Amino acid sequence: MTEATPAVLEMAIRAALVLISGLCVLCGYRVIRGPTNPDRVVALDAIATNVVAIAVLFALLTDRGLFITVSLVLAIIGFIATVAVAKFVTDGEVIE
């Protein structure tokens, strides 16, 4: 972070990083123990969303715009993967 960034903001970003990382662990538990396949798909989507949030927070923390680009790419890949897996779970095929 730059010198002009308040210490409170840096502490809030670090706390958010810890919180979101914990949420990823909890979603990982749901992926492994999920009672149904749709539960697992939703948990994987939540993990993808949390990883995007981690990349954005890390970009704010380090003042590097590259992580914003990475987060956009991860969001697109996560969306496409979620749609493909959801179609596979409901129809049994991805491409008909």
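## Three helices in a predicted model

The buried residues of helix H1 are Ile13, Leu17, Ile20, Cys24 and Cys27. This is a predicted model. The report takes the helices in turn, then the turns after them.

**Helix lengths**

The table sets out the helices and their spans.

| Helix | Residues | Number of residues | Expected span | End-to-end C-alpha distance |
|---|---|---|---|---|
| H1 | 7-33 | 27 residues | 39 Å | 39 Å |
| H2 | 37-62 | 26 residues | 38 Å | 37 Å |
| H3 | 66-91 | 26 residues | 38 Å | 38 Å |

At 1.5 Å a residue, the 27 residues of H1 should cover 39 Å, and the distance between its end C-alpha atoms agrees. H2 agrees with its expected span too, at 37 Å against 38 Å. H3 reaches 38 Å from its first C-alpha to its last, close to what is expected.

**How H1 meets H2**

What do the buried residues of H1 pack against? They pack against helix H2. Two packed helices are described by the angle between their axes and the distance between the axes. For H1 and H2, the angle is about 160° and the axes lie 9 Å apart. That makes H1 roughly antiparallel to H2. The crossing of H1 past H2 is left-handed.

The buried set in H1 includes Ile13, Leu17 and Ile20. An α-helix has 3.6 residues a turn, so residues three or four places apart point the same way.

**H2 and its cover**

Which residues of H2 are buried? They are Val41, Ala43, Asn50, Val52, Ala55, Leu57, Ala59 and Leu61. What covers them includes H1 and H3.

Leu60 also lies in H2. Is Leu60 buried or partly exposed? Leu60 is partly exposed, because its relative accessible area is 43%, and the cut-off for buried is under 20%. Leu60 and Leu9 are 51 residues apart in sequence. In space, their C-alpha atoms are 9.9 Å apart.

**After the helices**

Two residues with positive phi follow helices here. Asp63, just after H2, has a phi of about 60°. Gly92, just after H3, has a phi of about 85°.

**What the record lists**

An unreviewed UniProt entry lists residues 12-29, 41-61 and 67-89 under "transmembrane region". In the model, residues 12-29 are 100% helix and 0% strand, with end C-alpha atoms 26 Å apart. Residues 41-61 are also 100% helix and 0% strand. The end C-alpha atoms of that span lie 30 Å apart.

Terms used
Residues numbered from 1 in each chain as written. Predicted model: local features only at pLDDT ≥ 70, side-chain atom pairs only at ≥ 80, totals over all residues. Heavy atoms only, no water. UniProt positions renumbered as here; feature names shortened; annotations may be inferred. Helix = DSSP H or I, 4+ residues; strand = E, 2+ residues; numbered from the N terminus. Expected span 1.5 Å × (residues − 1). Buried < 20%, exposed > 50% of the residue type's maximum accessible area, 1.4 Å probe, protein only. Contact = heavy atoms within 4.5 Å. Axes fitted to C-alpha atoms, helices over the stretch in contact; angles between N-to-C directions. Parallel < 35°, antiparallel > 145°, perpendicular 65-115°, else oblique. Left-handed = near helix turned anticlockwise from the far one by under 90°.
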